[in-house]
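Morning, everyone. I have one structure to show today, and I will keep it short. Please look at the screen.

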Amino acid sequence: MTERDLLSQLADTQATAHARQQATGGQGLTVDALPTVYRGTQFRSALEASWAATLDSYGIAWLYEPQLVTLPSGARYLPDFHLPALGTWIEVKGDGVPRVEKAFEFGGMLACSCPRLACTCRWPGGELVLVGHPPRQGAPGVDERYAHWPVRALRRLAWRTHHMRWTSTRGRAAWFTRCPDCDAHGWFDAARCRACRGPLAGAHGHQPGADEVSFVRVTGPAVDDEGAAA
Ligand SMILES: [Zn+2]
Ligand SMILES: [Zn+2]
């Protein structure tokens, strides 16, 4: 880690602590619901910041809350992430948080009406709206690849492996993959890369929560790996 990284991390840490204090007044809200600063952007929650970090880890460019949208119902809606290179949007929702209706309405609004195999739109099927969930926490203790690890090390590792989970708003599965043609990571639900429209021949599609799709968790200070305030 360079000195510059350290300094920016420190700045993030301080900003996060400040935001947390303002948000809670010292009361114990759950960690994921606290405003969190990541790379100079203040997110409404650690979960949103973690999604940004996860997208970064896959080299996926994102814009945070770039545009207020008016839905067909007339409701106003501010989607969390726009991924301009993938024609994809992500609405981040914590478990037990309802109100994904707007994301689904937005998904229906952006979907094209071409016959599925004959779609010639710039974005296969139209722009894609996903709901981003909290990650699945890995349990390497039950994964045979880790069978030879000491129990203590496994227990520690279990808190450190997280796997990305999402739901498509289109009523069919969206898979995560890396395109063999353009190397871009992203989601697809038709046999075309959303970045380059390549055929994804030989690409391996991963489902939500799969071991192969890792999730990067961002937490502020005074928070241990278990996600509880220390
Ligand atoms: Zn189309
Ligand atoms: Zn591609």
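Let me start at the metal. The zinc ion, ligand 1, has as its protein donors the SG atoms of C112, C114, C119 and C121, which lie 2.3 Å from it. Keep in mind that this is a predicted model.

Along the sequence, the donor residues of this zinc ion follow the spacing C-x1-C-x4-C-x1-C.

Now the geometry. What arrangement do the 4 donor atoms around the zinc ion make? The angles they subtend run from 104 to 121 degrees, and four donors count as tetrahedral if all angles lie between 85 and 135 degrees, so the arrangement is tetrahedral.

Next, how open are these cysteines? I will take two of the donors. C112 has a relative accessible area of 25%, and C114 comes out at 26%. Buried means under 20% and exposed means over 50%, so both C112 and C114 are called partly exposed.

Another cysteine to look at is C193. Its relative accessible area is 5%, so C193 is buried.

With cysteines on the slide, someone usually asks about disulfides. How many disulfides are there? A disulfide needs a pair of cysteine sulfur atoms within 2.5 Å, and by that rule the count is 0.

Last, a lysine. K93 sits in the loop between β7, residues 88-92, and α3, residues 101-110. Is K93 buried or exposed? Its relative accessible area is 12%, so K93 is buried. K93 and E48 are 45 residues apart along the chain, and their C-alpha atoms are separated by 8.5 Å.

That is all I have.

How values were computed:
Residues numbered from 1 in each chain as written. Chains lettered and ligands numbered in written order. Predicted model: local features only at pLDDT ≥ 70, side-chain atom pairs only at ≥ 80, totals over all residues. Heavy atoms only, no water. Buried < 20%, exposed > 50% of the residue type's maximum accessible area, 1.4 Å probe, protein only. Donors = N, O, S within 2.8 Å, 3.2 Å for Na, K, Ca; no water. Tetrahedral: all angles 85-135°; square planar, octahedral: opposite > 155°, others 65-115°. Helix = DSSP H or I, 4+ residues; strand = E, 2+ residues; numbered from the N terminus.
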